[in-house]
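User: I'd like a close look at one part of this model: the salt bridges. Where do they sit, and what surrounds them?

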Amino acid sequence: MKGWMGKFKSLFLLTSLAIILAGCGRENLTALVPKGYGAESSMNLIILSTIVMTFVLVIVIIVYVIALIRFRRKKGQENFIPKQVEGNKTLETVWTVIPIILVLILAVPTVAATFDLADDTNASEHINIDITGNQYWWHFDYANEEIQTSQDIYIPTGEKVYLNMLSSDVIHSFWVPSISGKMDVNPENVNTMYIEAYEEGVYWGKCAEFCGPSHSLMDFKVIAVSPEEYEQWVGDMQSVDPEAEPQDAVAQDGKAAFEENSCMGCHAIGSSPAAVGPNLTNFGDRSKIAGFLDPTKENLVDWLMDPEAIKPGNKMTGNYPDLSEEEANSIAEYLLQLQPSEITPESAGN
Amino acid sequence: MSIAATQKRGFGSFLWDYLTTVDHKKIAHLYLFGGGFFFLLGGLEAMFIRIQLIKPENDFLSAGLYNEMITMHGTTMIFLAAMPLLLGLMNAVMPLQIGARDVAFPFLNSLGFWLFMFGGILLNCSWFLGGAPDAGWTSYAPLSIQSPGHGVDFYVLGLQISGAGTLIGGINFLVTVVTMRAPGMTYMRMPLFTWATFITSVLILFAFPALTVGLFLLMFDRMFGSAFFDVALGGNSIIWQHLFWIFGHPEVYILILPAFGLFSDIFSTFSRKRLFGYTAMVFATMLIAFLGFMVWAHHMFTVGLGPVANSIFAIATMAIAVPTGIKIFNWLATMWGGSIEINSAMLWSLGFIPTFTIGGMTGVMLGSSVADYQYHDTYFVVAHFHYVIVGGTVFGILAGLHYWWPKMFGRILNEMMGKISFWIFFIGFHLTFFVQHFLGLMGMPRRYWVFLEDQGLDMGNLVSTIGAFFMAVGVIVFLINIIYTAVKGEKPGDDPWGGRTLEWATASPPVYYNFKQLPLVRGLDPLWIEKTEGKGKMTPAEPVGDIHMPNSSILPFMMGLGFFIAGIGFIFQVDHSAWLIAVYAGMATAIGSMLIRSLKDDHGYHIHKEELEREAD
């Protein structure tokens, strides 16, 4: 008996330790520190359901432990035959009715929150962003503002932003744990959800529906900035001149190489509804390359030389001529200079 | 010379015996062997997954191979390990518990096993024939349609064949329970494990057709150019999710209800007490099964079905907690006031209660749709379903194996090793999966081949991988125990546990006709009644007479083999039409065997009264 209890206790301590060491996870990624409306709604229900269910768990464990201690067969009881009880109407009613009440306590706020988060009656009065999920990147189309971008999605804080989501290939799922729960991005119908970030920040977004070999590398960012900064960003993006010549010679070579190597067949620079590959208008401002690499020139050159090694199964591999080291270098220089706005991930802090 | 005594035989005749057997006890051995083999295979795949996730951005497995591992781990564990192991226990015990000499359709019983086995082998052949399926065990369209190579084709045909076997097995058990109960064995006197087998069979009967339909549509889409799930051609990929989960959710209860049943028998036996609230237990099981068909869309809360559908399915899901809670409290009440003996079988059952309660607790949490927007497709879900499927089904299978091993094989598993394997596995299990609840909420989606550095996920994943190694060691100790027992195990006699139900009134292992005379059942726990109020053994319900027995047959094996060959042909005929020869040859073998079975009368044989009387009591 003692050994059994002891082991259970050490197990409990060990797991508790693991949790404490891991903390609540990385800020602006974890769902445990909600910083947006949807995440807060979910968190409220997570806390409520945890409390209700822990109550049940504790009762079960108490009865279980007492039963084991009191009624374990002891020495000298080998021939003891306990009373054969058929049941007990009162007890059985109690443990049927109480769970029904507990379920109701949880069901009512769940239904209320479900309808609240699905409410899109006033969508047209707010910012609308059309999102296309692709293997393995995200396209963002601010249809009213006529801005297209990818990977980094800019939103103003304190406002509802409606996302209208469709997939171009397989099912993806749009998830920014710190701001909101997820919604699937299906190929057959537009799914609408709204998000609202409470404070400025760069929030980590992930694809949550299994979509192929690079599913785990389909990250994106939600960059929440103040409404003023958001207005400035929109203005900057709208006034981009896609034909502008870069300043230095290397970047100019890069622009030429970009055009020669049929990059433009898929990647638009400036406002363009076409989205075979990510729109690169503000590439130099982006927080990551290919969704998850630090935005250094070395990483970009590696990516341009052999994207398959970095993101297996991507659609860019094999769709452009082999690049020389020099070409890749100049294209990288050109792309990293595409910085149309002063509003960057740094503007949002962290 | 006893007719039941095993004689010295060559390996050839031993093998032939098992290939042709229609005896439910030997088919149980086959199921346990087949399911056990696939369990080890699935466990190996699990270890590869955990090694890949031991540290951030690990490169132990490539992305493609990792996806094949997770797909095969899930598919193998559900379809080829957990279900067959349960079917093995049902086969071994249920006919004995109702006082029957065999199942209703012994030939179909054998056919069900061989279809499962050949389906499982076909699925695993994919590893050597161009790559395993890589679209997840749920195989969502359109990913499963776009998946290159033949992996998903193996998934479709392997599951189709083994699913047919399961369906046949389910129908067989239904008919057996309805028609073959011993005199006096009314429905409300059946042991809970028999009830669970009965209700599980109903679930199989209604759930598997949905999978069959889904798999056929997927097969046509991949092989014959149809477009049921192809959005570009007017199809709809969400339909797959509905079909899959209309099967898939009842499937979860197909896995857990038999475990509930055997835990009920074990708690009752080792507390030396009648099961508390028998009637409530039976109806709770039925209610769980019924509600199990009403909740499939809780796997689809984030699909965008709208708030009405999400609310209805959320409430239906939470409602399942009520009958499940009734069962947990009834088990506790069964132990309360009893005389509890703690041995290996009971340890696995006692380990089940806290583990499964945590799994049920997270189940209700997942049922809250808005909270699920965060949990869905993360490691929280992975943790939840391992708590219920490992903590419920696997603990249940291991409890059942320890409990019925002496009945099935005549030898008792070693207690010491049984306890060691339990503790190592139990601690390893909680180390592996408890922390995954938090990983999920900290932003780790499931089916991630790598997780990135500096995301706060390193520690949790490391702990989880360490736990997985503990689980592996626990399983290895159990395997050593099996080998040790086979060689040196004690022979404990017919009724080592002070059993209450009819299986303990037979020999260990039972003679091939189970009961010389069918027993007369006088109430719930019939053997216990005779022990406390009667002569200590069952009263016969009939005089000694001729016993009608079925003949062995190789035809079920041949049918399975035929479908296996045809399956290979179907998969590769897309590449070259010469493979159609395999389709024709396989189908000819299968249909030819069916024709022989239909046209050639097989009346079985009789064991004559005189032979039975000659055998001393």
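Analyst: Here is a walk through the salt bridges, starting where the two chains meet. Keep in mind that this is a predicted model.

Over all chains, the structure holds 20 salt bridges. Three of these turn up across the interface of chain B and chain A. That interface brings 99 residues of chain B into contact with 98 residues of chain A. About 8,500 Å² is buried between the two chains, and carbon and sulfur atoms give 70% of that area. One cross-chain pair to look up is A:Arg26 with B:Asp454, whose side chains meet at 3.7 Å, N to O.

Now for chain A by itself. A:Glu27, A:Lys35 and A:Glu199 are linked in a network of salt bridges. Further along, A:Lys288 pairs with A:Asp294, with the closest N and O atoms 3.0 Å apart. The two partners are covered to differing degrees: A:Lys288 counts as buried because its relative accessible area is 17%, under the 20% cut-off, while A:Asp294 is partly exposed at 44%. For context, the unreviewed UniProt entry places a "domain: Cytochrome c" feature at residues 249-339 of chain A. In the model, that stretch is 41% helix and 0% strand, and its end C-alpha atoms are 17 Å apart.

Over in chain B, B:Asp153 and B:Arg222 form a salt bridge with their closest N and O atoms 2.6 Å apart. This one links distant parts of the chain: B:Asp153 belongs to helix H6 (residues 151-179) and B:Arg222 to helix H7 (residues 192-223), 69 residues apart. Both B:Asp153 and B:Arg222 are buried.

Another chain B pair is B:Asp525 with B:Arg500, at 2.9 Å, N to O. Both residues lie in the loop between H16 and helix H17 (526-533) of chain B, so the bridge ties together parts that are 25 residues apart in sequence. B:Asp525 counts as buried at 9% relative accessibility, and B:Arg500 does too, at 2%.

Since H16 has come up, here's a non-charged spot to set beside those pairs. B:Met459 is found in helix H16 (residues 458-488) of chain B, and B:Met459 is partly exposed, with a relative accessible area of 33%. Together with B:Ile54, B:Leu462, B:Ile466 and B:Phe470, B:Met459 forms a nonpolar surface patch with about 370 Å² of accessible area.

How values were computed
Residues are numbered from 1 along each chain as its sequence is written. Chains are lettered from A and ligands numbered from 1 in the order in which they are written. This is a predicted model: local features need pLDDT of at least 70, side-chain atom pairs count only at pLDDT 80 or more; totals for chains, interfaces and linings use all residues. Side-chain values use heavy atoms; hydrogens and water are left out. Patches are made of residues with over 30% relative accessible area and no salt bridge: like charges are joined within 9 Å, nonpolar side chains (Val, Leu, Ile, Met, Phe, Trp, Tyr) within 5 Å. Accessible areas come from the Shrake-Rupley method with a 1.4 Å probe; for residues, only the protein chains shown count as cover. A salt bridge is a side-chain nitrogen of Lys or Arg within 4 Å of a carboxyl oxygen of Asp or Glu. Helices (H or I, at least four residues) and strands (E, at least two) are DSSP runs, numbered from the N terminus. Buried means under 20% relative accessible area, exposed over 50%, partly exposed in between (1.4 Å probe, protein chains only). Contact means heavy atoms within 4.5 Å. Buried area is the accessible area (1.4 Å probe) that two parts lose on being put together, summed over both. UniProt positions are given in the numbering used here, feature names are shortened, and annotations may be inferred rather than shown by experiment.
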